[in-house]
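Subject: Structure for you to look at

Dear colleague,

I am passing on the structure we spoke about, with my notes set out beneath it. Please read them with the structure open beside you.

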Amino acid sequence: MRIESTCRLKFMMACAFLIAVCFGAAAKYTAARQKANDTRTEKALLDARKVSTELTNKVRELLLKELEKGSYEGAISVCANVAQDITRQFNEKSGHYVRRVSLGYRNPNDSPDEYERHKLESFDRLSREKKLESEYYEVVSEQGREYLRYLKPVIAGKMCLNCHGQPDEIPIGVQRIIQETYPNDHATGYREGDVRGAVSVKIALPSKTAK
Ligand code: HEC
């Protein structure tokens with residue numbers, strides 16, 4: 001009787017040991033996969049941050065320079081051509097996707113897709129509630145492929161109102177050029193601090209493999 005119960009105890013201990021080993025291995029495997037996935041996202045996130053910061057900083061810096069010179073034409077070209085050049089170069093070089101989007105777009109190429117529209121609407125709400133953060137991102141699945149979607153809100157500063165503010169804040173010369181170039185402009189009427197739009201980045205993640 002006693003021998004039998006010792007055997008049973010040993011057997012149960014062996015089982016517990018085996019279960020613990022299996023769980024440990026599974027946890028390790030999951031952790032390794034998680035790490036590999038995090039590394040993919042981390043890398044994409046760094047790329048997204050880099051290009052969106054470069055785009056907003058460069059446009060702001062060059063705009064300021066042109067406006068200080070009193071050149072509205074030069075400034076218009078910065079907010080259009082310089083921004084378009086930076087996004088095109090990034091897209092060609094990396095094969096990814098970066099662009100400026102806005103609910104009140106001036107250039108129809110900047111109209112948001114469904115995903116971006118929802119985010120921009122939530123940015124307006126969060127901004128009113130004073131809860132807007134400097135960036136938003138998540139990994140989404142589309143037709144079996146994973147993407148990092150990253151959006152950085154672009155806020156209207158005082159100098160932006162020269163071309164995006166209330167009608168009486170926009171110099172006549174600027175109004176004329178805008179009317180000629182963008183007959184369906186939606187990008188006026190903003191106030192300082194409003195969400196003017198966002199830089200949107202979409203990066204396809206490499207497929208999931210633990211290395
Ligand atoms: C001198 C005029 C001018 C100033 C100042 C200006 N913009 Fe623009 N902005 C434009 C023009 C023109 C476009 C259309 C760009 C294009 O065709 O790609 C534009 C487009 C944009 C877009 C892309 C979405 C859209 O409407 O097509 C964003 C975002 C934007 N501006 C933000 C800003 C911010 C933020 C500032 C201030 C830091 C600013 N702009 C200052 C003229 C200006």
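The notes below go from the overall fold to the strands, the core and the ligand.

This is a predicted model, in which local features need pLDDT of at least 70 and side-chain atom pairs count only at pLDDT 80 or more, whereas totals for chains, interfaces and linings use all residues. Residues are numbered from 1 along each chain as its sequence is written.

The protein chain contains 5 helices and 4 strands, where helices (H or I, at least four residues) and strands (E, at least two) are DSSP runs numbered from the N terminus. Their order along the sequence is α-α-β-α-β-β-α-α-β. Of the 211 residues in the protein chain, 21% are buried, a residue being buried if 20 or more other C-beta atoms, placed from the backbone, lie within 10 Å of its own.

Strand β4 (residues 195–204) is mostly covered, with 8 of its 10 residues buried, and it pairs with two other strands, pairing being called if DSSP finds at least two bridges between them. Strand β1 (residues 97–101) runs antiparallel to β4 and is joined to it by 5 bridges, with V98 partnered by V201. Strand β3 (residues 145–155) is also antiparallel to β4, over 9 bridges, and here I155 has V195 as its bridge partner.

The largest nonpolar core (a set of buried Ala, Val, Leu, Ile, Met, Phe, Trp, Tyr and Cys residues joined through C-beta atoms within 7 Å) has 26 residues, and those with the most contacts inside it include C79, A198 and V201. Two or more residues each come from α1 (2–69), α2 (72–94), β1, α3 (114–128), β3 and β4, and the largest share, 6 residues, is that of α2. Leaving aside neighbours within four places in sequence, C79 is in contact (C-beta atoms, placed from the backbone, within 7 Å) with V59, L63 and C163.

C79 also appears beside the ligand: of the 27 residues around the ligand, A75, C79, N107, C160 and C163 come nearest, a residue being near if its C-beta atom, placed from the backbone, lies within 6 Å. The elements that give two or more residues to this shell are α1, α2, α4 (161–164) and β4, and α2 gives the most, with 7 residues. By class, the shell has 15 nonpolar, 7 polar and 5 charged residues, with Ala, Val, Leu, Ile, Met, Phe, Trp, Tyr, Cys and Pro counted as nonpolar, Asp, Glu, Lys and Arg as charged, and the others, Gly among them, as polar.

With best wishes

Key
A residue is buried if 20 or more other C-beta atoms lie within 10 Å of its own, exposed if 12 or fewer, and partly exposed in between; C-beta atoms are placed from the backbone. Two residues are in contact if their C-beta atoms, placed from the backbone, lie within 7 Å.
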